[in-house]
Amino acid sequence: MGRVSGKIAIVTGAAGGMGAADAKRLVEEGAQVVLTDMNEAGQQVADKLGENARFMRQDVTKPEDWQKVVDYAETEFGHVNVLVNNAGIAIPGGKTLSLENTDFEGYKKIVEVNQFGTFLGMKAVEPSMRKAGIGSIINISSVGGLLGMWGHYAYNSSKFAVRGLTKAAAVELGDYNIRANSVHPGMIETDMIKQSIAQNPDIWNPQIKGIPLKRIGKPEEVANLVLFLASDESSYCTGAEFVIDGGKTAQDK
């Protein structure tokens, strides 16, 4: 028996990076998983994971897409009892923007995906989790949801909002045996981060050297934490922030 045998999960932003790693780890430990993404490459990820994985294209900012995903998961596997709200975006190229130069449309787009998408996901899966009698909502925030970062107004505000959404859900949904926790990764070796490092090595390399563990994390390390929160091993954890950043936020500098 795997650690999440019998669990039925939805993982967003699963075409690569942390989302793909999360889906892979859940399937390895016995879950049935619906992977979603705007990128059709998610189909290839699902195909590699085998019969316990499905892919569906989804825009997490659209309520109708969320309903279609939940309906599909229930048709294919049964009532959903794990949601990994992983889909998220940051400033393209990792470039920082002063308050004066942060345009509203760009700000709104990041908030729509990171904050609204998380809210819509929780709202969509709640009825299914109630029917299942158990649920674990895992919202992927960031260290940017714990600390201010220069020039990241939209990203910071959206990731702080994910913390608030998570806590509000934990307070309400505990009555239905549904838990909600947020995960706060630091620098993780995703395509987005690797691209940013390549484009701005003078900015990123000193930051990496300043991490107590002297390296960036791997998507598989985040997936192990997600697995714990999806499993009954974390049955008394709700409304909490789980930081996975190599010790970066432990520092006072």
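## Exercises on a predicted chain

Of the 253 residues of the chain, 49% count as buried (under 20% relative accessible area, with exposed over 50% and partly exposed in between, using a 1.4 Å probe and protein chains only). This is a predicted model, in which local features need pLDDT of at least 70 and side-chain atom pairs count only at pLDDT 80 or more, while totals for chains, interfaces and linings use all residues. Residues are numbered from 1 along each chain as its sequence is written, and side-chain values use heavy atoms, leaving out hydrogens and water.

**Exercise 1.** Describe the make-up and compactness of the chain.

*Solution.* Start with the elements: there are eight helices and seven strands (DSSP runs, H or I of at least four residues for helices and E of at least two for strands, numbered from the N terminus). Next, take the radius of gyration, which is 17 Å, close to the 18 Å from the globule rule for 253 residues, so the chain is as compact as a globular protein of that length. Here the radius is taken over C-alpha atoms, and the rule is 2.2 Å times the number of residues to the power 0.38. Finally, the C-alpha trace spans about 50 × 35 × 35 Å along its principal axes.

**Exercise 2.** Work out how α1 and α8 are placed relative to each other.

*Solution.* First, find the helices: α1 covers residues 17-28 and α8 covers residues 219-230. Their axes (lines fitted to C-alpha atoms over the stretch in contact) are 8 Å apart, at an angle of about 50 degrees on a scale from 0 to 180 degrees between N-to-C directions. Now classify: under 35 degrees is roughly parallel, over 145 roughly antiparallel, 65 to 115 roughly perpendicular and the rest oblique. The pair is therefore oblique. Then look at who touches whom, with contact meaning heavy atoms within 4.5 Å. Residues making this contact include M18, D22 and R25 of α1 and E220, V222 and L227 of α8.

**Exercise 3.** Is N86 buried or exposed, and which residues does N86 touch?

*Solution.* Locate N86 first, in the loop between β4 (82-85) and α4 (104-132). Then check its relative accessibility: at 10%, N86 counts as buried. Leaving aside residues up to four places away in sequence, N86 touches T12, G13, M18, G19, D22 and I140.

**Exercise 4.** Place F116 and find its separation from K62.

*Solution.* F116 lies in helix α4. With 41% relative accessibility, F116 counts as partly exposed. F116 and K62 are 54 residues apart along the chain, and their C-alpha atoms are separated by 9.0 Å.
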